[in-house]
Amino acid sequence: MFFFDEIPIRVRYGETDQMGVVHHGNYALYLEIGRTEWLRKMGLSYNEMEKSGVMLPVISMSLNYKKSALYDEVIKVKTQLKKTPSVKIEFDYEITNAAGDVLVTANTVLAFIDMNSKRPMKCPDYILKKIELF
């Protein structure tokens, strides 16, 4: 079992449609926020990775919508590493509302890319070491 993180996000008006329901495209942003904060709590950041020559683009994303999130509602994004990273790193997510209802389950796969060669690379050792600590 890998470390998971859960963060609250308040749904903003601009993320919803005329009925006050979150537009489906905004969930990708919620996943990114969850993933970024998960990395930050591990002592990592996209900024530091990029400075060291590593990019981490999303290569696959799947979402399963169960229930709508609404304007001004506080949702929680739970982010968990699925398995030990290799050339790819994979996360599972669960987004819930204040009542604990599951709104969305999701998965993303990101690839470690060398910024100079633009080619895939294995997960840097310093990242693996931080993951092992948790």
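Buried denotes a relative accessible area under 20%, exposed over 50%, and partly exposed the range in between (1.4 Å probe, protein chains only). The structure is a predicted model, in which local features need pLDDT of at least 70 and side-chain atom pairs count only at pLDDT 80 or more, whereas totals for chains, interfaces and linings use all residues. Residues are numbered from 1 along each chain as its sequence is written, and side-chain values use heavy atoms, with hydrogens and water left out.

Helices (H or I, at least four residues) and strands (E, at least two) are DSSP runs, numbered from the N terminus. An open sheet is formed by 5 strands in the order E1-E4-E5-E6-E3, with antiparallel pairing; two strands are taken to pair if DSSP finds at least two bridges between them. E1 and strand E3 (58–65) occupy the edges, and each has a single partner strand, so one side of each lacks a neighbour in the sheet. From one strand to the next, the twist averages 20°. Within the sheet, E5 and E6 are paired in the antiparallel sense over 9 bridges. Ile95 has Val104 in E6 as its bridge partner. Helix H1 lies across E1, E3, E4, E5 and E6, and runs at about 135° to E1. For such angles, axes are lines fitted to C-alpha atoms, for helices over the stretch in contact, and values run from 0 to 180 degrees between N-to-C directions.

In soluble globular proteins, nonpolar side chains tend to be buried together. A nonpolar core is defined here as a set of buried Ala, Val, Leu, Ile, Met, Phe, Trp, Tyr and Cys residues joined through side-chain atoms within 4.5 Å. The largest nonpolar core comprises 32 residues, of which Tyr30, Ile75 and Ile95 touch the most other members. At least two residues of this core are supplied by each of strand E1 (4–10), helix H1 (26–41), helix H2 (46–51), strand E4 (74–81), strand E5 (88–96), strand E6 (102–111) and helix H3 (125–133). H1 provides the largest share of the core, 5 residues. With contact meaning heavy atoms within 4.5 Å, and residues up to four places away in sequence not counted, Ile95 touches Tyr27, Tyr30, Leu31, Ile75, Lys76, Val77, Asp101, Val102, Leu103 and Val104. Val104 thus appears both in this list and as the bridge partner of Ile95.

Several loop residues were examined individually. Glu15, in the loop between E1 and H1, is buried because its relative accessible area is 5%. Residues up to four places away in sequence again being excluded, Glu15 touches Arg10, Val21, Val22, His23, Asn26 and Tyr30. Gly43 is situated in the loop between H1 and H2 and counts as partly exposed because its relative accessibility is 38%. The C-alpha atoms of Gly43 and Ile127 are 9.1 Å apart in space, although the two residues are 84 apart in sequence. Apart from neighbours within four places in sequence, Gly43 is in contact with Glu48 and Lys130.

Positive phi values occur at two non-glycine residues described here, Asp72 and Lys118. Asp72, in the loop between E3 and E4, has a phi near 70° and is partly exposed, with a relative accessible area of 41%. Lys118 lies in the loop between strand E7 (113–114) and H3, where its phi is about 65°. Lys118 is exposed, its relative accessible area being 56%.

The structure holds 9 salt bridges, a salt bridge being a side-chain nitrogen of Lys or Arg within 4 Å of a carboxyl oxygen of Asp or Glu. Glu37 and Arg40 form one of them, at 3.3 Å from N to O. Both residues lie in helix H1, 3 residues apart, about one turn of the helix. Glu37 is partly exposed at 24% relative accessible area, as is Arg40 at 47%. Another salt bridge joins Lys82 to Glu90, with the closest N and O atoms 3.7 Å apart. Lys82 is partly exposed at 44% relative accessibility, whereas Glu90 is buried at 13%. Salt bridges link Lys82, Lys83 and Glu90 in a network. The side chains of Asp125 and Lys122 also meet in a salt bridge, at 3.0 Å from N to O. Asp125 counts as partly exposed at 45% relative accessibility, and Lys122 counts as exposed at 51%.
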